[in-house]
Structure formats: C-alpha cells, structure tokens
Amino acid sequence: MDTEHSSTVPPPSDEPSCNHAHVNGTQKHNHNHTHEHGNDDRSIKDILITALFWIIGICISLIGIYLIDQPAYKLLLILAGYIVLGHEVLLSSLTSIVHGSIFDENFLMILATIGALYIGEYNEAIAVLLLFQIGELLQDLAVDNSKRHFADAMNLKSLFATVETADGLKQLAPEQVQVGTVIVVKPSEKIALDGTVVEGSSFLDTSSLTGESIPRKASVGDNVLSGCINGEQTLKIKVTKPYTESTVAKVLDLVENASARKSVTENFITKFARIYTPIVALLAVFLVLIPPIITGNHDLQRWIYTACSFLVVSCPCALVISVPLGFFGGIGASSKNGIIIKGSNYLEGLTTLRTIVFDKTGTLTKGCFVVKEIRSFSNVSEKEILKTAALLEGFSTHPIATSILTAYKERFQTEPNLKELSGYKEISGHGVQANINGITYYLGNKRYMETINATDIPVSLNTIGTITYLSKGSNCIGCLIISDEIKADAKATLDALKKQGIKTVLLTGDTKAAANQVANRLGIDMVFSELLPTDKVTKLEEIMKHQSPKEGTAFVGDGINDAPVIARSDIGIAMGGVGSDAAIEAADIVLMTDEPGKIAKAIAIAKHTKRIVTANIIFALGMKLLVLLLLALGFGSMWLAIFADVGVSLIAIMNSIRALHDVNLE
C-alpha cells in the first residue's frame with residue numbers, strides 16, 4: 001500500500017487511527033472419491049437401524065450355515081442373510097454402475113464375497129462383508145467427528161439479530177436486517193452483523209475470527225465485526241453492511257469453497273486410484289487363470305480364494321479418504337489460528353515457498369501513521385500547510401490521509417471544511433489534486449511532484465519517514481514527514497522464515513531511506529523502493545524468473561494497490577486486519593489479523609499436514625503392496641486382506657485427524 005492512495009473500510013481496533021477490514025470463512029467438505037464418506041452425519045437412529053439389519057442378516061446366515069443340512073435351503077438362507085446384511089453395499093454398487101463407475105470398493109467387495117460363497121467359504125464371506133461395513137461406518141464417524149470439530153471451532157454465524165424498533169426489541173434473521181438498523185447485542189451473544197457501536201462499551205471475544213484469546217475493547221464509534229462475542233456490557237450497533245457482505249458471510253463462503261481447490265497430492269491420488277483399482281482387479285483375474293496353467297495344479301478353489309482376497313485389498317479407501325481429510329484438517333487448524341486458506345492446493349503450496357515478498361505499510365509496519373514534522377519551503381506557515389493538506393485528503397481513507405486529518409483535528413479541534421474544495425482528483429500511486437479558492441494544489445510523493453514539474457523540491461531532507469509534498473500550482477511550498485511503526489512480531493517472523501531457508505524481499509512505494517531503515521531493522525534480504533503498483537508486478541516477475549518451477553514465491557500485502565501483485569504471485573497472502581476488500585479477494589490466504597507472525601504459523605501447519613499426508617500414502621501403499629505380494633505367493637488369508645483394507649483405512653484416517661490439532665512453530 002505504502003504511499004499510494006487506496007480506499008479501505010475502517011474496522012475495529014484498539015488503535016483508532018488504523019484502518020481495518022477483516023474477511024474470512026467456514027468449511028463444508030466433500031471427499032470426492034468413488035463413494036462418499038460422511039456426506040451426511042450419521043444419527044444414532046441411523047446407526048441402530050443399520051446394526052439391526054446386520055444382526056438379522058447374520059442370524060439368517062448362521063441358521064443356514066450351521067442348522068440347515070439340505071444344500072439348496074442352506075444356500076438360499078445364506079444368500080438371504082447376505083442380502084439383508086449387505087443391502088447398502090449392493091445398492092451403492094448398483095448406483096455407481098448406473099453412473100459409470102464400476103470399479104469402486106463396493107463392487108470389489110461384492111465380487112470378493114460372492115467368490116468366497118462360490119467356493120464354499122461361507123463364514124469368511126459373511127464375516128468379510130460385516131467387517132467391511134463396520135469399517136465403513138467407523139470411517140464415516142471419524143470423518144463426521146472431524147467435520148463437527150471444525151464446525152464447532154468456526155461456529156461464527158448468529159441465528160438471529162435483536163433489532164431495536166419503535167415497538168421494542170425484535171429478533172430477525174441476520175439476512176433480513178437492513179443497513180442503518182440498530183441492533184442490540186447482549187452479554188455473551190454473538191454479533192450478527194458488521195457495524196459501528198453507537199451506545200455502550202464492552203470487551204469483545206474475537207478468538208473465533210482471529211485465533212487470539214485476548215479480548216478487544218469496543219466503544220462508541222468503533223467498528224465491530226460479526227462473529228465476535230460480546231463481553232459483559234450490552235452494546236447497540238448500527239449495521240454498516242448487509243449480511244451478504246458481512247465478515248461472517250465472507251468467512252463462511254471462503255472456507256466453504258476451500259475443498260473445491262484440490263492439492264497436487266489429492267489430484268494425483270484421485271488419478272492413481274482410478275488406474276490402480278482396475279489393475280489390481282485384472283491381476284485378480286490373472287491369479288485365477290495363470291497359476292493353474294503354469295503349475296499344472298488345477299485347484300481353482302485356492303486361486304479363486306486368493307483372487308477374492310486380492311479384490312478386498314485393492315480398495316483404495318485408505319488413500320482417497322485420508323489424503324483429502326488430512327488437508328481438510330490442515331485448513332481447519334489454520335482457521336482456528338485466524339488463517340483462512342482458500343484451498344488445499346494453497347496449503348500444499350506453502351510447503352514449497354522459497355521466497356516471500358512483503359509490502360511494507362500495513363504489512364510489516366502498523367500502518368498507523370503520525371505526522372512527525374511539517375516543513376515549509378517558502379513563506380507559507382506550517383499551520384497553513386497542514387490545513388491545506390487536510391483539505392486535500394478530506395475524501396481519502398488512506399492511512400497517510402488519516403494521519404494528516406488526525407493531526408489537523410488535534411491542532412484545530414475541528415473538521416476541515418471540505419466545501420472549500422472543488423475539482424478533486426486522486427491519482428493512484430501518486431497523490432491527489434484539487435482547487436481551493438481557485439488555486440490548484442497538489443499533494444503526493446516526490447514522483448508526483450516531478451510529474452507536474454513542480455519547482456523548489458529539496459534534493460535531500462535528511463529525515464527518515466514517508467514524505468508527502470504540497471505544491472501550490474507548480475511551486476512546491478512544503479512537506480509533511482509521516483512516520484510509521486514496525487509491528488511487534490515482524491522481526492521474529494522474518495527470523496523464523498530465515499531459519500526455514502526462505503528468502504525475504506521488500507517491495508514498497510515508500511522512499512528509499514524509509515524502506516532501507518525498515519529492511520535493516522528486520523534483516524530483509526532485498527529491498528526495492530519508490531515503486532508504483534505496476535512496478536511491483538514487474539519486480540515480482542523478475543524475482544520469480546530466478547527460481548525453479550518447483551520453488552514457490554508468495555507476496556504479502558494489504559492495500560487495494562497490492563491486489564495485482566497478490567494475484568500474480570504463486571501464493572497471494574492478504575493481511576485481513578488492515579487489508580482492502582480487493583486484496584482479500586485476490587489472495588489465496590487471508591490472515592484474520594494484521595500479524596505477519598501468522599505466515600510462519602501457516603507454513604508450520606502446512607508442513608505438519610504434508611508430513612501426515614505423506615505418511616498415510618507410504619503406510620497405505622506399503623501395507624497393501626506387502627499383503628498383495630504375500631497373497632500372490634500363497635500366504636495369508638481373507639482376514640489379512642480385510643485388515644489391509646479396513647484396518648489400514650482406519651489407521652490412516654485417525655492419523656489424518658491429527659492435522660486438526662495445533663502445531664508448534666518450527
């Protein structure tokens with residue numbers, strides 16, 4: 001953002017002079033594989049009904065196996081029990097076949113158990129079918145549990161808003177509340193919509209949005225965000241945004257769509273499963289046909305049994321469930337820490353970062369400017385320079401403009417009279433111009449002064465800070481020197497990134513002196529200053545050219561002028577605390593607060609998640625290949641096969657759920 005002007009919406013903060021605007025979301029998860037686990041949470045009633053079918057099916061089968069001697073009736077009862085026990089598997093398989101997906105785990109399980117029935121292994125056929133379904137149920141419950149865990153953590157939306165009307169208080173759905181309406185938020189209630197406090201003072205619990213446990217003070221005039229929980233005092237809040245544009249709505253939308261963007265690993269596993277399953281099924285056919293021909297031993301029963309075990313092992317559940325679930329858990333863990341990652345592809349992309357490029361103002365510095373000094377280059381007084389500058393900045397919400405207006409109010413105890421202003425024009429990345437009493441004034445950076453061919457611009461001012469020049473016509477009559485403060489966690493963040501081998505770069509529109517001062521204090525590797533928004537894109541592309549395709553580059557910014565650079569980078573990161581809507585919309589990752597330390601946290605979570613996913617892939621494939629090899633050599637049984645399917649799947653899923661839990665910075 002820096003010295004370029006931009007328009008942002010000011011949100012709540014303990015520091016009134018800073019502009020803030022949070023945005024973020026919650027999550028709905030689809031596993032996107034041949035069958036869907038946990039699409040809908042299983043109720044106790046559903047589980048009991050399923051268990052009843054299992055018990056009835058097992059009883060009918062056992063009667064046929066142990067109490068009936070006549071072969072025809074025996075087989076009839078066993079088949080009846082088989083159908084009752086496995087009706088869900090049969091229906092799921094038929095549905096998949098109708099939709100053109102034949103080789104799913106249900107179809108393979110049916111082939112395997114029918115094969116076992118054909119060779120007279122009735123006990124194993126029924127047992128394998130039962131264990132398979134128990135495993136599927138446990139998998140569903142594990143997935144549902146992880147979804148509920150995340151939903152609870154991201155339970156942001158309030159079911160109602162209490163509206164103040166002429167007839168008293170009335171509860172409405174947030175979607176029905178109009179902008180300008182005053183809502184009443186009692187202690188311990190969630191704030192339903194974004195707005196401005198018009199009455200009352202209280203502390204707000206923002207942990208569900210930011211991951212920070214420290215309450216924030218909200219008083220009259222402060223902007224507050226939906227999703228926060230009110231403390232001990234009742235607040236009256238004037239709604240400033242409709243629900244569809246509120247923080248909660250944006251948060252829910254961002255994370256809800258996160259699962260649609262698959263990681264490279266997820267896409268690989270999906271493609272792998274489509275190829276792997278039919279190949280193993282074909283190998284099962286070869287096991288029935290080839291070994292008897294080679295060995296001359298025509299004991300088909302043995303090889304059919306082996307082939308059936310092959311089909312059980314070939315189910316890819318352990319991979320196609322646990323891998324997406326692992327990334328889902330990583331996104332959930334990030335959200336709990338106030339980091340919204342818009343897709344698992346971006347979560348995985350964090351693990352490949354080799355360079356992170358930072359904007360300065362509002363990203364590494366607080367963006368809370370203070371007019372440090374006013375200098376006159378002519379006979380115009382400092383008081384007149386401040387008054388003129390405040391008039392020119394009267395329509396801007398840029399942090400620099402805010403600092404000038406604040407200095408004016410402190411000195412004159414009044415607002416600038418904007419009626420004196422005409423012909424107002426803002427030039428992005430440069431400054432503003434307007435007419436006051438028929439005279440054209442220009443206010444902006446040194447490049448802007450050079451553009452209008454202003455005279456009397458000092459060669460050097462021997463000062464550090466952001467310098468905003470004022471020109472009366474083409475005569476530069478003075479300047480305002482504005483200082484900013486480095487964020488408390490900026491130094492620790494840069495140090496943590498360096499330990500991880502990540503190169504840091506600063507791109508800023510600020511002066512060379514101010515940029516170098518920040519870079520030196522933080523230990524940034526490279527600095528490019530006095531840049532326009534288009535210059536930032538060019539510099540970023542130059543940096544990206546010097547890296548291999550496997551090495552990622554991230555850009556971290558907050559202003560509307562940073563949106564093009566954020567969009568151009570491999571991973572765009574927006575500072576949600578002070579960020580503009582344009583930057584947040586363009587970003588792949590949104591930090592709910594303005595703390596750069598969240599970047600190191602996000603990378604740590606991403607690496608933790610990737611390790612879990614990689615371990616699941618190695619474990620699942622290793623176990624399956626080992627069991628397949630043992631079966632092909634004539635060792636093992638269908639019991640071993642069901643462990644290689646259900647057992648391995650459950651272990652991998654439980655391991656994936658670890659990604660939901662917090663991780664220490666590395």
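Two strands are said to pair if DSSP finds at least two bridges between them. This report on a predicted model describes strand β21 and the nonpolar cores.

**Strand β21 and its partners**

Strand β21 spans residues 571–575, and 5 of its 5 residues are buried. In a regular strand the side chains alternate between the two faces of the sheet. In β21, one side carries I571, I573 and M575, while G572 and A574 lie on the other, and both faces are covered.

Two strands pair with β21, as the table sets out.

| Partner strand | Residues | Sense | Bridges to β21 |
|---|---|---|---|
| β20 | 552–557 | parallel | 4 bridges |
| β22 | 589–591 | parallel | 3 bridges |

Individual positions show how these strands are matched. On the β20 side, G557 has A574 of β21 as its bridge partner. Towards β22, M575 stands opposite L591.

**The nonpolar cores**

The largest nonpolar core of the model comprises 51 residues. Within this core, L350, I356 and F358 have the most contacts. Helix α10, residues 317–336, contributes the largest share of the core, with 10 residues.

L350 merits a separate description. When its neighbours within four places in sequence are set aside, L350 is in contact with I341, I571, I589, A602, I603 and A606. One of these contacts, I571, is also among the buried residues of strand β21.

A second core, separate from the largest one, has 44 residues. Its members include I78, V89, A116 and V627.

Technical notes
Residues are numbered from 1 along each chain as its sequence is written. This is a predicted model: local features need pLDDT of at least 70, side-chain atom pairs count only at pLDDT 80 or more; totals for chains, interfaces and linings use all residues. Side-chain values use heavy atoms; hydrogens and water are left out. A nonpolar core is a set of buried Ala, Val, Leu, Ile, Met, Phe, Trp, Tyr and Cys residues joined through side-chain atoms within 4.5 Å. Buried means under 20% relative accessible area, exposed over 50%, partly exposed in between (1.4 Å probe, protein chains only). Helices (H or I, at least four residues) and strands (E, at least two) are DSSP runs, numbered from the N terminus. Contact means heavy atoms within 4.5 Å.
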